[in-house]
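Here are some exercises to work through with the model open beside you. Try each task on your own before reading the solution.

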Amino acid sequence: MEPTKWLTHDEHRLWRSYLDATRMLFQDLDKQLVRDSGISFADYEILVLLSEADDRRLRMRELSDASTTTRSGITRAITRMETAGWVRRVECESDKRGAWAELTDKGAATLADAAPGHVTAVRSAVFDALSPDDITVMAGAFTAIRDRMQERRSTT
């Protein structure tokens, strides 16, 4: 077994800053969405994912994989969002065990109403603190990290 390659001081500083910033960002965005639109950050994320999907629908498993919510959390969220009229479950014709989550017109309207305040909060928390060069460098770095992680997932 190879010896542990410990993080350097700068790597540790970056890692801890990233974790702290991500945690605080998710908390702040959740507070803003609940306060201004009455929806959680997790629900907003699900609505966005469904709005961007073909036919505004995703399999529950795909929705979980694409979001920050666990599979059991997705099930609870979809149940809650169904009650609100934002999504509906649709049986999967090719796999009777599976189901689709589909965005309703009411869900799309809820997302459209929440989006301006959310984008303003994202801009204030993230982009107003960065220079255009910072944005370019960070976009490249996080794209590389994401692509590496997706590649590793596809081989396991």
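Contact here means heavy atoms within 4.5 Å. This is a predicted model, in which local features need pLDDT of at least 70 and side-chain atom pairs count only at pLDDT 80 or more, while totals for chains, interfaces and linings use all residues. Residues are numbered from 1 along each chain as its sequence is written, and side-chain values use heavy atoms, with hydrogens and water left out.

**Exercise 1. Find which residues Ile78 contacts, leaving aside its neighbours within four places in sequence.**

Step one: select Ile78 and set aside the neighbours within four places in sequence. Step two: list what is left, namely Ile46, Met60, Leu63, Val87, Arg89 and Ala101.

Step three: place Ile78 in its wider setting. A nonpolar core is a set of buried Ala, Val, Leu, Ile, Met, Phe, Trp, Tyr and Cys residues joined through side-chain atoms within 4.5 Å; buried means under 20% relative accessible area, exposed over 50%, and partly exposed in between (1.4 Å probe, protein chains only). The largest such core has 24 residues, and Ile78 is among those touching the most other members, along with Ile46, Leu47, Leu50 and Leu63. Helix 1, helix 2, helix 3 (60-66), helix 4 (71-84), strand 3 and helix 5 each supply at least two residues of this core, and helix 2 gives the most, with six.

**Exercise 2. Work out the order of helices and strands along the chain.**

Step one: use DSSP runs, numbered from the N terminus, taking helices as H or I of at least four residues and strands as E of at least two. Step two: count six helices and three strands. Step three: read along the sequence to get α-α-β-α-α-β-β-α-α.

Step four: pair the strands, which requires that DSSP finds at least two bridges between them. Strand 3 (residues 99-103) runs antiparallel to strand 1, joined by three bridges, with Trp100 as the bridge partner of Arg59. Strand 3 also pairs with strand 2 (residues 87-91) in the antiparallel sense, over five bridges; here Ala99 stands opposite Glu91.

**Exercise 3. Describe how helix 5 packs against helix 1 and helix 2.**

Step one: fit axes as lines to C-alpha atoms over the stretch in contact, with angles from 0 to 180 degrees between N-to-C directions. The axes of helix 1 (residues 9-37) and helix 5 (residues 105-125) come within 10 Å and cross at roughly 150°. For helix 2 and helix 5, the angle is about 115° and the axes are 10 Å apart.

Step two: find the residues that meet. Helix 1 uses Leu25, Leu29, Gln32, Leu33 and Ser37, and its partners in helix 5 include Ala114 and His118. Helix 2 brings Phe41, Tyr44, Leu47, Val48 and Ser51, and Ala114 and His118 are among the helix 5 residues that they meet.

**Exercise 4. Which sign does phi take at Asp55, and is Asp55 buried or exposed?**

Step one: recall that most residues other than glycine have a negative phi. Step two: read phi at Asp55, a positive value of about 60°. Step three: locate Asp55 in the loop between helix 2 (41-52) and strand 1 (57-59). Step four: check accessibility, where 67% relative accessible area makes Asp55 exposed.

Step five: repeat for Arg56, in the loop between helix 2 and strand 1. Phi of Arg56 is also positive, near 55°, but at 27% relative accessibility Arg56 counts as partly exposed.
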